[in-house]
Amino acid sequence: MSIQVKSTTAFDDQKPGTSGLRKKVAVIKTPNYLENFIQAVFNSLKAAGESLEGNSLVIGGDGRYYNKTATQTLLKMAAAQGISKVFVGQNGILSTPAASAVIRQHQTLGGFILSASHNPGGIDGDFGIKFNIANGGPAPEKITDAIYQAACAIETYPISDAADIDLSKQGSYQLENMQVEVIDPVQIYADLMESVFDFALIREFCQQHFNILFDAMHAVTGPYAEEIFVNRLGLSTDCLLNCTPSEDFAGGHPDPNLTYAKTLVERLYAEDAPDFGAASDGDGDRNMILGKGCFVNPSDSLAILTANATCIPGYKNGLVGVARSMPTSSAVDVVAKALNIPCYETPTGWKFFGNLLDAGKVSFCGEESFGTGSDHVREKDGLWAVLAWLNILAVKKISVAEILHAHWQQFGRHFYTRHDYEGINSQGAADLLAHINAQLDSLAGQVFAGRTVSFADNFSYTDPIDGSLSQGQGLRIGFDDGARMIVRLSGTGTDGATLRLYLESYSQDPKMLTADAQQGLSDLIALSEQLLQIKAFTERDAPSVIT
Ligand code: VG1
Ligand code: CO
């Protein structure tokens, strides 16, 4: 039976950020808090003219603490809306790209993804919830804005008082008038990967010449990696690291970067390093690519995948276009130009790629934050990127370092770094942005250490498909030699503010091919300190994470 519950408090902090609603578990557990957000999604869908009755949904999450409880709540609230069928991953599990694939395969109204992605989990960690639309991708801004408006206005919500569904076994269950289909979380996704890549070639390459090591960081990709690398590609379980998912990611920070995936990085830089290393994040949409003693920055990764896409069966006819987020380096722009295909620049967050992908304007998309993906789903996809790299290397029969250096030789090198100042004082961060903003208008034409500022602005984006405008997407200063300096605040953190500084410069000097990125950017780093005064405003001596 459906009962009406009064949502006593006004939750005016439920504005979805870069990637859905992300909060501390303790906040999510506030009475009616999660329910309020879920009802806001339902209400905004109904306001947009969608009919929930008789429609279907997908539910899945990254397995972190509270995933199972939230799944049961969602099921009971969906039943109370008259939803006729829900596809839910066994034990409430679906990686983000797998959820996107299931939404598309079963043509549902959309889906809920329960994850705080790369943020730490556990009872003292973070939890998150995100709504994806029928194309399988994150709800665009006009929907997330409507969700927020609805969240502030809710007074009551209906929920079924039925007992919990047993999610531990696959099969079909009934909840009120709603059918709950508990599905294998891996199969649809693994089949999709097999349809895009040349598994036979990758199998032969890895079995004969090439040792790989994949780190799931105790997060959701463990079972996916086991199915793909061990069961389908026939590799030994020795190639898997941290593939047993844990509710708190074994106390770790499931963010595949040089700081948090330290064990993997050390293995790849050791004497007896494998040929290839990769890691994915909490919900499986990010990827980090490493070679023996070398790291591929995500912007270069997008450029290299674009340049070599036709090696992969799924893209053998070439790409229609590519897109990157604004702070991502211009490495892919240079490749797109050479291939004579369009390259779009969007704000940070995968939701901005959806329209371009749906309209058939782009095939590959990428972000500097270890996000790469294609039109096979509408999310970034960690294992897809790993398989794309392996497929290309298997065709070319070369090492990661070789393909990286050959790429720089051909296209020039984009030195790139991101400096994160995590958990800083929110007021200090706001003051810093105001300080930079105030200078922006006067910067163009000024010369700093031999570089002339060619533009300085706050990035805004007009979606080429639906014309929607997104403003205030990051402060950027561009120089005449192609160098860029970008500052923005994170929209995914839950502790104070997180400031990101992105620096990029371009070089075609062959002597610079082997230089370290921080070294290659040292003049720009110094200039950023002089211009922006981040250290003074944040009261920090150094960034907490350097990538
Ligand atoms: C970060 C990244 C952004 C990414 C987002 C979600 O956002 O910078 O590129 O799309 O996380 O990734 P922000 O606002 O903190 O910079 V995931 O893997 O957390 O869903
Ligand atoms: Co993620």
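## Cobalt site

Along the chain, the donors of the cobalt ion (ligand 2) are spaced as S-x163-D-x1-D-x1-D. The model is predicted. Ser117 gives its OG atom to the cobalt ion, and Asp281, Asp283 and Asp285 each give an OD atom. The coordination distances run from 1.9 to 2.1 Å.

Which of the donors Asp283 and Asp285 are buried? Both Asp283 and Asp285 are buried.

## Ligand 1 and its shell

Ligand 1 occupies the largest cavity. The shell around ligand 1 holds 20 residues. Thr18, Ser117, Ser369, Thr492 and Arg500 are the closest. Ser117 also coordinates the cobalt ion (ligand 2) through OG.

How does the shell divide by class? It has ten polar residues, ten charged residues and no nonpolar ones.

Several side chains place a polar atom by an oxygen atom of ligand 1. For His118 the distance is 2.6 Å. For Arg22 it is 3.1 Å. For Asp281 it is 3.1 Å. Asp281 is also a donor to the cobalt ion (ligand 2).

## A buried loop residue: Asn287

Asn287 belongs to the loop between β12 (276-279) and β13 (288-291). Is Asn287 buried or exposed? Its relative accessibility is 3%, so Asn287 counts as buried, the cut-off being under 20%. The side chain of Asn287 makes a polar contact of 2.8 Å with the side chain of Thr372.

## A partly exposed loop residue: Ser468

Ser468 lies in the loop between β22 (461-462) and β23 (469-470). Its relative accessible area is 32%, and therefore Ser468 is partly exposed. Lys142 is 326 residues away from Ser468 along the chain, yet their C-alpha atoms are separated by 8.2 Å.

## Positive phi outside glycine

Most residues other than glycine have a negative phi. Two loop residues are worth checking against that background.

Glu176 is not a glycine, but its phi is positive, at about 50 degrees. Glu176 is placed in the loop between β8 (171-175) and β9 (178-183). With 33% relative accessibility, Glu176 counts as partly exposed.

Gln533 is not a glycine either, and its phi is positive at about 55 degrees. Gln533 sits in the loop between α17 (522-532) and α18 (534-538). Gln533 has a relative accessible area of 37%, so it is partly exposed.

Notes:
Residues numbered from 1 in each chain as written. Chains lettered and ligands numbered in written order. Predicted model: local features only at pLDDT ≥ 70, side-chain atom pairs only at ≥ 80, totals over all residues. Heavy atoms only, no water. Donors = N, O, S within 2.8 Å, 3.2 Å for Na, K, Ca; no water. Buried < 20%, exposed > 50% of the residue type's maximum accessible area, 1.4 Å probe, protein only. Near = heavy atom within 4 Å. Polar contact = N/O pair within 3.5 Å; in protein donor to acceptor, adjacent residues only side chain to side chain. 1 Å grid on protein atoms, 1.4 Å probe; cavity = no way out; pocket = protein on both sides within 12 Å on 5 of 7 lines; lining within 4 Å. Sits in = over half its atoms within 2 Å of the grid points. Nonpolar A, V, L, I, M, F, W, Y, C, P; charged D, E, K, R; others polar. Helix = DSSP H or I, 4+ residues; strand = E, 2+ residues; numbered from the N terminus.
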